[in-house]
Each structure stands twice: as structure tokens, then as C-alpha cells.
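Here is a short guided tour for a newcomer. Keep the view open and turn it as you read.

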Amino acid sequence: MKKIEIKELKEIQVKILDVFVKFCEDNNLKYFLTYGTLLGAIRHKGYIPWDDDIDVSMPRPDYERFIETFNNQESDYKVIHHTINEKYPIPIAKVYDSRTTLIELFSDKFNVGINIDIFPIDGLPDDKNKAVKHLKKVIFWRNVQNTKNRSIAYKSVWYKNLLVLLLKLPTAFISDIKINKIISKLATTYDYKTSNFVANCTAPDGVHEILEKSKTYSDQTEVPFEGKTYKAPNGYDNYLKTIYGDYMKFPPLEQQVSEHFSKAYWK
């Protein structure tokens, strides 16, 4: 297999994004750049220099329609989700290039090709305190899943591997299928269309992800990314401030590193 270096990997990711966007536009599906991809678009007009992935989000109804229909076309690009393959060990979707393979060094349970992450945006209770409690339930199960899927070989230091193994032991008695079903049930408890508060409930980074839909996702706007334009929430300033605080300020130099650890190859 031929190794894919970081520059080419990013080019492949942008191509995947273009295929995803064209499908969404052809099928009247709404999407938004999100997380570090949105931050990169606003602050750098492209990738954050030390980042190496692409994240997009979709309102839950559009997200489910996308998963149900994208693989109906003949293409090298596929969507993977636990409703398509129950062995897939996380509750979010990925669109990947099937001609490539990606070896995640933190988890060796399920390898797909070079990909972009697709997150659903779900509804929450209208009471903010109840919304926080609800999201914390999902965060608990995501932490369980992350622990279960972490590879014990991701570090060479023996005592760190031992710690990972000890943390994994209690999760051995519950399957990824069961965890995905629990997370999906919690995430879809409240209807996106009628909810005032929304969040990425399948893979939340914290309760700070709770956003007022009307201030964030009422419409789309175009933003630059790697020489092209893509859709972002019209309330992207509210989104980025809520998630990152002073998002135009660069983090300390020691934090300007990739959080992803993987190796990619052409098949």
C-alpha cells in the first residue's frame, strides 16, 4: 500500500467534502461546517494550520435522509453509520473514500478510509437546566464508548497501557451496538424542528454545546475554506463564541498540535 502524506490527505478530504456538498445541494439537504472546520474557515479561510480533519453537521431530519440515501449512488465515496453496519463502534456518520484505508492509532476496532465527520444536530428540552442534564447523560455514554474503543497499544509506556486496560475492563460487558442504541435514543428524544435549544447530542464535547436554534441555525451563510465557499450557520459568531470563547485568539504554542493520530494509505 502507498502511504498518503498529510498534504494529500487534506486534498482527499476536501474532495470528499465537495462530493458531500453536491449531494446535499442536489437533494435539498441542509448542512453546516462545524467545530474546527468552521473555526478554520473564519479565522484562516481554510484548515487550522495544525488541524487535519473536516467536520460538518446537519439537522437531524436532513442527517437521517442523507444516511438513508447517499449510498444508493454508484461512487467511490460511501457513508458509514451504525445503522448501516452495526459493528461500526461510534454513533456519528462518516463519509469516506473507499479507495483508501485509515488506521486510527487510538482505536483499531473499525478502520474506514480517509473521511469527514458528519454530526447530527438534535433538539433538547426547552428548560436550560433540563437540557444540561439530558446532555450529560449522553456525555456519560460517549465516555464509556470512548474508553471501550481505545487501543491499549497507543502508547509504548507500559503503565499507561495498563491504566487504559483497567479502565476498559468494566466496559467489556456492554456491546457497541447497545451503546449506540442508547446514545441514539437519547439524542432523538426531542424533536429538532420544535426545539428552542439544540446541540450535537451524539458526540458532545460538553454542555457548552447547548445553543439557541434561532440565534445559530436559523439559516445558512457562505464562508471561505481552502479557496472555495461552503455553508455555515448564519449565527456562526454565536456558535464559535459559545464553543471556543475568544475564537480569533490563537491558543498557546504548545496547544497548536493535531489531536488526531492516524496513518493513511491508498489500497
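The text below goes from the whole chain to a few single residues.

Bear in mind that this is a predicted model. The chain is built from eight helices and 12 strands. Its radius of gyration is 18 Å, close to the 18 Å that the globule rule gives for 267 residues, so the chain is as compact as a globular protein of that length. Along its principal axes, the C-alpha trace spans about 50 × 45 × 40 Å.

Next, look at how the chain is packed. Of the 267 residues, 49% are buried. Now take the contacts in the chain with a separation of 6 or more: 66% of them are between residues 24 or more positions apart. Then there is the outside. The chain exposes about 13,800 Å². Carbon and sulfur atoms supply 53% of that area.

Now pick out Tyr 96. Find this residue in strand β5, which covers residues 93–97. Is Tyr 96 buried or exposed? Its relative accessibility is 18%, and buried means under 20%, so Tyr 96 counts as buried. Which residues does Tyr 96 touch, leaving aside its neighbours within four places in sequence? One group is Asp 76, Tyr 77, Lys 78, Val 79 and Ile 80. Another is Val 112, Gly 113, Ile 114 and Asn 115. Ile 16 is in contact with Tyr 96 too. Take Tyr 77 from that list. Tyr 77 is 19 residues from Tyr 96 in sequence, yet their C-alpha atoms are 5.5 Å apart in space.

Move on to Asp 117. This residue lies in strand β7, residues 115–123. Its relative accessibility is 11%, so Asp 117 counts as buried. What does its side chain meet there? The side chains of Asp 117 and Lys 94 are joined by a polar contact of 2.5 Å. Lys 94 also appears among the contacts of Asp 117 beyond four places in sequence, together with Ile 92 and Ala 93. The other contacts in that set are Asp 53, Ile 54, Asp 55 and Val 56.

Finish at the surface. Leu 165, Leu 166 and Leu 169 make a nonpolar surface patch of about 270 Å². To find the patch, start from Leu 166, which sits in helix α5, residues 158–168.

Notes:
Residues numbered from 1 in each chain as written. Predicted model: local features only at pLDDT ≥ 70, side-chain atom pairs only at ≥ 80, totals over all residues. Heavy atoms only, no water. Helix = DSSP H or I, 4+ residues; strand = E, 2+ residues; numbered from the N terminus. Buried < 20%, exposed > 50% of the residue type's maximum accessible area, 1.4 Å probe, protein only. Contact = heavy atoms within 4.5 Å. Patch = residues over 30% accessible without salt bridge, like charges linked within 9 Å, V, L, I, M, F, W, Y side chains within 5 Å. Areas by Shrake-Rupley, 256 points an atom, 1.4 Å probe, with all protein chains shown as cover. Salt bridge = Lys/Arg side-chain N within 4 Å of Asp/Glu carboxyl O. Rg over C-alpha atoms; globule rule 2.2 N^0.38 Å. Polar contact = N/O pair within 3.5 Å; in protein donor to acceptor, adjacent residues only side chain to side chain.
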